[in-house]
Amino acid sequence: MAESFINAFWILLDPYRMGMLFAGVAIGIAVGILPGLGGLMGMALVLPFLFGMDPYAGIAMLIGISAAVPSADTFPSVLMGIPGSSGSQATVMDGYPLARRGEAARALGAAFASSLIGGLIGAVALTALVPFARPLILAFGSPELFMLTVLGLSLIGVLSGNRPIKGMLAATAGLALGTIGGAPVAAEYRFAGDFVYLYDGLSLVIVALGLFALPEIIDLLAKGGAIAEKPKKLGPGLLQGMRDTWRHKWLVLRHSLIGVGVGAIPGLGSSIIDWINYGIVARFAKDRDQFGRGDIRGVIAPESANNAKEGGVLMPTLLFGVPGSSAMALLLAALMIFGIEPGPQLLTSQLDMVFVIIWSLALANVGGALICLLLTKPIAKLTYVPFHYLAPAIMVVVVVGAWQETHLWPDLLCLFGFGLLGWIMKRVGMPRPPLLIGFILCPMAERYLWMSYNLYDWEWLYRPGVLVIAGLTIALVAGGARLKRSSGAAAGPLQPAREQAP
Amino acid sequence: MKSRWREALTAHLQTPFVAGLLILMAVMFWLSRTFSLGAKLFPMVVAGAGMLLALLELLRQWRSRGAREEQDFSDLAGDDDASTYPQGLLHLGWVAGFLMLFLAIGALPATGLYVVSFLRFRHNVSWWTCSGIAAGLMLVLWALGLVLRLKWPAPWLF
């Protein structure tokens, strides 16, 4: 294992792969500073261009995007009071008041330094887990793996949105969409009719681009793209912010570890991690009166957790093949594009790839945070570029990317159809991540179910491992939903404090 | 009158959406019966679970009728206002137009035409600026096509 760990580092050190990793970091920073876009859309945009690429380079690029977004999304949160992504909502609470009193650079310095440390702690935690998790996972049979898929989907469904049943329904709809085309365990085409285009099933790239890229572009344009406003002065204090992080090093460590733990629960991490950590730091601090009015600890705690969670979300993704977040679902999809089967096989035959992912995460965190620190001023200016200048370019990339799938006109029809579906789902409060994750996990879930049924008939339902995972599913779903409700309740009363800030 | 109609649409769109899903799941379940065991096992399990969940969701909506629905905060959607629907549909129209142009006249000309018309007529950007952005984007796209060996559609019109 140690050999694979070192070997992976040398694999990644190849100039082309490092170039791709930092290209991913650059894309991650670009989408992170634009409120409403985020890592999922960034990853969806590059997915069509991965075909034919070196697998290590492609995966490093995706990890670069996902690792850089939690650092870059701090810019709009601090400078404009608009969360750059769902993971930086709580940073607004104290980051924006700091910016309003001329200490934006201090807030950004503290945020990037704590992001860097948090990201590294996440990567270390993930590395430490691999040797312990490997024997456990290799002991699982098809029934247990099927139940793990059900566990992941249930958690993501229940925890992604505000209504658990809607989330579960969206996940089921994703599984249903995944059944279109050739059956993986029988020589039959399903729900395709005479439409040859559907014989291979729907394209993952098009589903992802349609569900996530188009609705965001349309909504940002429809709501007037409130990105342009008078630029705020950064003020001095970048180094002061870094010193603040060092002064609160135990806070960084505590919240990074919480970030890893919460991130490891599929579906829970991305949307509420910042609120959980903000709630904890605000509740347990001795002097609490400055929270919501520009307390630097209110920036440090959520930002360190936000980056550390990337290590956490990779845990179920790499170890069980159950994506820890919707962005990780796209990482699984990319692995499939490269012909790598996610799940336990990854830990046996592709251990180098697992460690390349971990190294990429560590290097991208360091690179992303350093770029943000060194180029704070120019990147901050980019935050104020009106969205309608960027929208046509993003739209062109989306359409060209979709066209690369089969080069047939139904690609574009499907793109538009899924774009419309995603836009409507936003309107009706139906979370989109469970649908995408259900769609991605469908072939794996179907194969595991069929193998379980073939080997054990319905007796597989009584296997001890299956019963334990079923119990765990119920406990985690109930506990996670409760945690989510309480973090939502904690966020509610804190909101007015921001409005009252000077 | 118009805004009341829009509000009603926003509040009630979720019920037809879930009802639509219920119908689709039922159709999927019905069609699956004719497949061989290997092909029908999974779709029937999924469709069965989907029907159950859709019915539960419809029941929940019926019990909480009249109450205002929250949007999914993980989406950062925020609350829709009266202009969200017409503005969103208008921009969907722009997307549809670009897709048709893409097929009709080819990728690069469609990009140029779309960028210029979108920025000029929708956002009132000066001719010089939008022409510059369009030219730059076409150049980048052309270069990307060479580097990544992208394939472009053969235009339908010529």
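In this predicted model, helices H9(A) and H21(A) cross in a right-handed way. Their axes come within 7 Å and cross at roughly 35°. On the H9(A) side, the residues that touch are A:Gly167, A:Ala170, A:Ala171, A:Ala173, A:Gly174, A:Leu175, A:Leu177 and A:Gly178. What they meet on H21(A) is A:Pro434, A:Leu435, A:Gly438, A:Phe439 and A:Cys442. Sorted by class, this contact has 9 nonpolar and 4 polar residues, with no charged ones.

These two helices turn up again around a pocket. H9 (164-178) and H21 (433-456) of chain A each give at least two residues to the lining of the second largest pocket, and so do H10 (204-222) and H15 (326-337) of chain A. The largest share comes from H21(A), with 7 residues. About 800 Å³ of space lies in this pocket. A total of 31 residues line the second largest pocket, and the closest to its centre are A:Asp200, A:Gly201, A:Leu202, A:Phe439 and A:Pro443. A:Phe439 is thus a residue to look for twice, as it sits among the H21(A) residues that meet H9(A) and is also one of those closest to the pocket centre. As for the make-up of the lining, 19 residues are nonpolar, 6 are polar and 6 are charged.

Another pair of helices in chain A is H6 (residues 91-100) and H14 (residues 297-320), whose axes come within 8 Å and cross at roughly 140°. That angle makes H6(A) oblique to H14(A), and the crossing is left-handed. From H6(A), the contact takes in A:Thr91, A:Asp94, A:Gly95 and A:Leu98, while H14(A) brings A:Gly298, A:Val299, A:Pro302 and A:Glu303. Here the classes are mixed, with 3 nonpolar, 3 polar and 2 charged residues.

Moving on to a contact between chains, H19 (residues 387-403) of chain A pairs with H5 (residues 107-123) of chain B: the axes come within 10 Å and cross at roughly 155°. Angles over 145 degrees count as roughly antiparallel, so H19(A) and H5(B) are roughly antiparallel to each other. H19(A) passes H5(B) in a right-handed crossing. Chain A puts in A:His388, A:Tyr389, A:Pro392, A:Met395 and A:Val396, and these meet B:Thr111, B:Tyr114, B:Val115, B:Phe118, B:Leu119 and B:His123 of chain B. In this contact 8 residues are nonpolar and 3 are polar, and none are charged.

Methods
Residues numbered from 1 in each chain as written. Chains lettered and ligands numbered in written order. Predicted model: local features only at pLDDT ≥ 70, side-chain atom pairs only at ≥ 80, totals over all residues. Heavy atoms only, no water. 1 Å grid on protein atoms, 1.4 Å probe; cavity = no way out; pocket = protein on both sides within 12 Å on 5 of 7 lines; lining within 4 Å. Points joined across faces, edges and corners; volume = space filled by probe spheres on them. Helix = DSSP H or I, 4+ residues; strand = E, 2+ residues; numbered from the N terminus. Nonpolar A, V, L, I, M, F, W, Y, C, P; charged D, E, K, R; others polar. Axes fitted to C-alpha atoms, helices over the stretch in contact; angles between N-to-C directions. Parallel < 35°, antiparallel > 145°, perpendicular 65-115°, else oblique. Left-handed = near helix turned anticlockwise from the far one by under 90°. Contact = heavy atoms within 4.5 Å.
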